[in-house]
Each structure stands twice: as structure tokens, then as C-alpha cells.
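Trainee: Mind if I fire some questions at you about this one?
Mentor: Go ahead, pull it up and we'll talk it through.

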Amino acid sequence: MYKLTLILKYLRRKLGPMFAALAVMLCTAMVIIVISVMGGFLDLLQTSAKQLTGDVSVQARSLTGFAHYEDLAAAVSALPEVSAVSPVVSTFGMINLDGHTIGVNIMGIEPGSFSKIVRYEDTLMWSADDMSERYGFDPSESKATPPAFDLRGMAMTLEPDGFLKGYNAPGMVIGVEVNPYQYRDEQGRYGFSNSAAHQTAALTVLPLTERGAPADLGPSYTNAVILNEFKSGLYEIDRGQVFVRFDVLQKLLGMDRKEGPAFDPETGEEIPGAMSVKPARTSEIVVRGAEGYRLEQVHSAVQGAVAAFAEARSISIPPVVRTWEQRHAQFINAVKNEKGMVTFLFIIISVVAVVMVATTFYMTVLEKTRDIGVLRAVGASQAGVLSLFLGYGLAVGVVGSLLGLALALEIVWHLNEIQYWLANGLGVSAHYAWCAGGGALIGAVVGGVIGYFRRKTLSNAVSLALLLMLVGLIGAWISLDQVEDLAYKLNHAISFKMWDPQTYFFDRIPDKVKFYDALFIVLGAIVSSVVGALIPAVLAARLDPVEALRYE
Amino acid sequence: MDTQTTTSNHQPPTTNHSPPLLTVTDLHKHYRIGGQDLCVLEGVDMDVRPGEWVAVLGASGSGKSTLLHLIGGLDRPDKGAVTFDGRDIFKLRGGALDRYRNRHVGFVFQSYHLLPELTALENVLTGAMIRSSILGWPARRGEARRRAVALLGRVGLGERMKHRPSKLSGGERQRVAIARALVNEPDVLLADEPTGNLDTETGKQIMELITELHQQGQTIVMVTHDQDIAATADRRLWLREGALEEA
């Protein structure tokens, strides 16, 4: 029983173990934060990568796409390993929105089938509710939602409806960051009032012939009505991707089926009555695997179908079949490497924590040598003294790691707010400056009053009055404008962007802590503390009690 | 040995004809200091009978404290035996020697040796806590506490139980140490120069307390270099050149 009493007393009364607990706390917090953020980053990346491209994709090796994709899609679709397929045509192009022209990746999709494979529907930002909130329209009062207000419905067909039909232009869904007027507020949210929905924008693409040369007519363009905005969470995508209907983009790129007069390849003369058909082309077919099949099984099945397709059509260079992991391998592996490296570095730091605990405990044992002798004299056994110090290490570990867990949770959960605060000059503002100034003044008054009552001398009060006058003068000299100016300058000087979304693909820092990660790290920290306390505890237990009692 | 109860407390003083409670036989102890052998005890023999107060006198460095440590099972001799209740304590196994120190002897040191983090009451309770496991403590706690409070009252510190040693005077600290030594009702109180660090007046008060304990039947072995203090004891022994002789 004395062990528990002493451990509790030592924990509260000794500075050394507090430092040890602090070291354990900081190490625990650091490891949890790093594992959470890096792990969260990796998870996010993998999820996003998978959701952006489906399980398996069949990609053309050239920007000109591949023909007879309908047959291939049908063949792939018939595979038992496959649950859905959807053709996608994609190209680089330009979007001119309200005079702002930027380069984007334009994807032509069939929204219905595309949405079954790639996350599309739940990335859409705006709905009729946002419209009604904005324009004071209550959908429950009206008999039916006016079609042009059904932003989600329109995005799911990519077909303008209602009064938007009047534009006589195809529909389009743009990445939320493509819109130059869109920005995030302090909480990182986008506002509907800045959305580009219902606006028109010009799309320009460069059609290529089958052989890859620019087509005769040069660039082609179309106006399109923006029906909705999407946010995938991947900054690159949100900044540079728009969706239009498959057939719209196909036609714009000249990749649609073309019929024309046939010419004799030898004479170059038109063959009367004969027709030449140029088959429609696509860039890619995205595939979703069926339930119960592993990714590799789906991949090899699709590969088989593509090989058979190439064989039947005598295509020498068939489209390439890749899983989402292969497609994003470089990217994902880079992050995996980074996570591994950082984890390794933090294992080293944890070893440092063990050594710190060992050092602290060694000092404690030295300091407590005589007490150990006393305990032995009063009847404590060697095992008792050993377990006293091991228990002490355990207590330091438990306290330190739980505090570390709390700190880590607090930091990870608020990482985005912390980042915002740092990026905006450590939150310096005139308001805070005035709060600090006011606090200082109140502190001075309280301190002076306490000082006066403790010393009971008038000179203290007089000097306090002089001090307050000085503070008042300085306060009067620094007008509000100057404080604001100072705050602005400070802001500018010390702003620190920890997480730049343009570098880090995701717009938010991952802020989830996995239960088992945290549990594992906390237990690891506790074990480390006990290990750190082990050698000092053994030394303490082996002390000769008579020597210990003589120790000065 | 564990079944031995501490009935000696209420026996009348000086029962010299009863069988010895503690027998020291041919005790040898040497230290090696700086490459030289220093023989401190060279065949010490003594008996301590229940209720007896034995004072061991000797010059400083004569080995008085070593003898006391050996009797208390805190140190091991080169040769010889300390027999308590018919058994050589140095042949005890499996924590029995720790239990001997905990239950059958109580140490009082010259420089008190209280644990600075604990209050006076907690210091007194240390012996009782060591005796009890965490699970056993709740059941024993009330009784142990009552006894510790009573002991502190008896040594005149009833009002200062919550004070830590740093807030107590030397005499008060020694009283706490005496209370701590008595908390498990030991058969023998081992006092090592209990007044050595105190001024004459305070030392006298401590001696009065020890005398009172003795009158209530407490067996005491006290080592001192001060003949005046030793004069209160039933029996005085001199430790000279490693052996004991009656004064």
C-alpha cells in the first residue's frame, strides 16, 4: 500500500517526474499527431484516387483515343468480375468564365453510369435548398421545384432545364475552384452566393485527327451553361476539372462517328455510292469491379477482354489497363515513403523519451537513496522497492501519455483552425491588441493594489498611480488606428502557412485520429516509461539499506 | 514467527529471569575500506530479555550502529547469529527477514529519517502500509490509522499530524520517528543515538518518552556514546575492540 501512497505523493511533489511526464506527453502527442495526419493524408489520397478513376480504367495511349469502344465496353461489362462500365472522353482545354480564361481538364461523361463508378453525385455542391435560401424561395410551398432550380438533378443529366434551355447550350459542372469568385470562409466553407451556377462559360478544345494532327478547322469551342459546382476534396481536381456530357465533348473533339464519301486509296477518286465510316472514339473506359472480387482479379479479367478486343480488331497497340493503385502509384508510394520515414524518425524520438525517463528516474533514485534505506528499515522488501519505482514509471507513463493523447486530440481536431490562425498572422488583430493592452492595465491595477495592501506603504500607491498615468499616456498616444496598423503589419510579418492547399492537393488537413493508432501509441508510451524506469528501479532495489541510510 | 504476538508491551519491566527474546551469538562483521580490512565486531554475544532496556555504549566508530543494524536484520554478519524467537534471522527466506524488520523490530535513528513528502501521520503509517497489500489496506486502514493517531497523541504530537517533517522541530521529528517505530507494536525498539542530534533539553524529553515506553513494557536496545543517557537503562554494555562487556 505504501507504494501507491508514495507514488501519488512523488507525482505531486517532485519536479523531475513532472518533466519526465511532460517528455512522455510531448512524445506521445507528437507521434499521434504525425501518424494521424500522415495516415489521414494517405487514406484520403487513396480514397480520392480510387474514387476519381474507378477500380480499373482502360485508357487510350494517345490523346486521339481508341475506336470501337462500344464493343469493348459491352465485352467488359459482360464479365462477371465487373459491375459497371462507363466511357469517358477527356481532353485539355480552356474555359472562359466571365472574362477569366484558365486551362482545365474537360471530361465528357455519361453521368448516370459514370456516377456508379466514380464519385460524382456526392461531390456536387449545390441543391435547390441553397437556391431557395439564397432567393427566399420555399420549395415546400410551391407545388414543384422549378426545373432550373433543381441543380442536382440537372447535374445528374448534364442537361439544362427550365429557363436555362433558352441559352441553347449544353450543360456543364465545374470544379469549385475553377470559379474565380469562389473562396473559402474562415471555416473553410464555400458559399452559394459566390457560385457560378446559371452562368454561361465558353469552352475551347483542340480537336485532333486520328493520327494526332490538329483537325482542319482548328480549335473548336462552345458555350455551356454551368449547372452546378463540385468539390472532390482534391485541390488539383477542384482547380482544374469540368464535366460536360459525353456526346457533347466527343462531337466537339471530332471523335464522334463520321460518315462520308469513300475515296479510292490508289487513284484518290471518289467511289460513287460507297460510304466511308469513321468510328466514334473515346479516351477511356472506367470500370467498377463486382462485389467479392479482388482488384487484381478484376484487373486481369479486364485485361483479358482488352487483349481479345485488340486481337479481333487487329489493334497493334491496345489501350492500357490499370488499377487505380497502379495509376496513382507514384503519388501514393511517395506519401507511403514519407509516412514510413516520419514514423521511423518518431521512433527515434520515442527512444529519446525512454532515455529521458531513465535519466529522471536515476536522479530520483539518487535523491531518494536515504528514503529507500528508511523504507527497507521499516520492512519494505527489495521487490517492494523495485515495484515502487516501476509503478512510479508506470504512473508517469499513464499520466504523460493520457495528457499527450488529450493534447494530440485537441491539436489534430483543431488542426485546420490552427492552420487558419497561423496563416493569418497568429490571429493578431486590433481587437486582440486592445484585449492585451486592457489586460495589462487591469493586471497593473490589481498587482499594485495587492502590493499596497501587502506592504502597507503609501509610496507604493504613489508609484502605482504614476505607473497608471504612464500607461494611460501610452494608451492615448497609440490611437486605435495605430493599433490596427500595427496589427496589420504584425500579421503580415508573422503569417505562416503550415498547409498550402495548392501544394497539398487536399483543401483540408486530415483531422481524424484513429482509435487503434492512438491506443497503440499510448500503450507504447506507457511501456516505454516503465522500460525507462527499469534500470533505476533495479538499482534502487539493489541498494544496500545500511549504505542507503548513511547516504548524504 | 508471524504468529508471534507482541505481548511484551504490557509485561512489567525487568523480567530478567524469563528466557531471552533476542540472542546475539559470536557476531563478526568487518568492512573493507580503502583496501584495508576494518574489523568492527569480533565475536559479540548478548541476550535481550522481554521488557528489558539494554544500552550499548561505545566510542564513535566502535561498531555500535553496525550491531544495531545486524540485530534489526538490516545488514548481514560475516559470522555468527541473531536469534529471535528461537530462529536465526539471517537464515530466514522468502521475505521473512523483511517481515521481521517490519513487525518485530522498530528502528529509531539519530537523524530521524522521516520521508519528507509524507505528513507526520503518513510517516507513522508507513510501517502499517508496508505490512498491508493494496487490497488488504482498506480493511486495515481504520485500525492502523486509529493506532497511528493514538501513538502521535502519546508522543505529544496530536495537533501536528498533518504537518510534514520540514515543518517540525528536531524533537518533534524524533517523536514522529518513535511513533513510526511503534506502529506495528514491535517486540524490540532499536534506538541509534536517539538524542544525538538534539539539544540537551529536547534530548531529555525524548529520553523521558523512551523511559515511559519502557515502563509500559517495551523492550529496548539503545546504542549511545553518552553515559548519562545510558544510565536510565536496566543494563549497560560496553562495546570495546569488537566485543561487549558489562559496564
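**Talking through the model**

Mentor: Let's start with a loop residue: Glu185(B) has 17 C-beta neighbours inside 10 Å, so it counts as partly exposed. Bear in mind that this is a predicted model.

Trainee: Where does Glu185(B) lie, and what is its phi near?
Mentor: Look in chain B, at the loop between α5 (170-182) and β7 (188-192), and you'll find Glu185(B) there. Most residues other than glycine have a negative phi. Glu185(B) has a positive one instead, near 50°.

Trainee: Asp26(B) also has a positive phi; is it buried, exposed or partly exposed?
Mentor: Asp26(B) sits in strand β1 (residues 22-33) of chain B, with phi near 50°. Buried would take 20 or more other C-beta atoms within 10 Å, and exposed 12 or fewer. Asp26(B) has 13, so it comes out as partly exposed.

Trainee: Which element gives the most to the side of chain A that touches chain B?
Mentor: In that contact, 19 residues of chain A meet 24 residues of chain B. The elements of chain A giving two or more residues are α1 (2-13), α12 (369-377) and α19 (545-550). With six residues, the top contributor is α1(A).

Trainee: How many residues on that side of chain A are nonpolar?
Mentor: Split the side of chain A that touches chain B by class, and you get three polar and five charged residues. The nonpolar count is eleven.

Trainee: Which helix gives the most to the largest nonpolar core?
Mentor: That core has 128 residues, and those with the most contacts inside it include Val24(A), Val357(A) and Leu190(B). Leaving aside neighbours within four places in sequence, Val357(A) is in contact with residues including Ala20(A), Ala23(A) and Val24(A). The helix giving the most to the core, with 13 residues, is α2 (residues 15-53) of chain A.

Trainee: At what angle do α3 and α9 of chain A pack?
Mentor: Two packed helices are described by the angle between their axes and the distance between the axes. For α3 (residues 69-77) and α9 (residues 295-313) of chain A, the axes are 9 Å apart, and the crossing is right-handed. The angle is about 145°.

Trainee: How many charged residues are in the contact of α3(A) with α9(A)?
Mentor: Asp71(A), Leu72(A), Ala75(A) and Val76(A) in α3(A) meet Val302(A), Ala305(A), Val306(A) and Phe309(A) in α9(A). Seven residues of this contact are nonpolar and none is polar. The charged count is one.

Technical notes
Residues are numbered from 1 along each chain as its sequence is written. Chains are lettered from A and ligands numbered from 1 in the order in which they are written. This is a predicted model: local features need pLDDT of at least 70, side-chain atom pairs count only at pLDDT 80 or more; totals for chains, interfaces and linings use all residues. Two residues are in contact if their C-beta atoms, placed from the backbone, lie within 7 Å. Helices (H or I, at least four residues) and strands (E, at least two) are DSSP runs, numbered from the N terminus. Ala, Val, Leu, Ile, Met, Phe, Trp, Tyr, Cys and Pro count as nonpolar, Asp, Glu, Lys and Arg as charged, and the others, Gly among them, as polar. A nonpolar core is a set of buried Ala, Val, Leu, Ile, Met, Phe, Trp, Tyr and Cys residues joined through C-beta atoms within 7 Å. Axes are lines fitted to C-alpha atoms, for helices over the stretch in contact, and angles run from 0 to 180 degrees between N-to-C directions. A crossing is left-handed if the near helix is turned anticlockwise from the far one by less than a right angle, and right-handed if clockwise.
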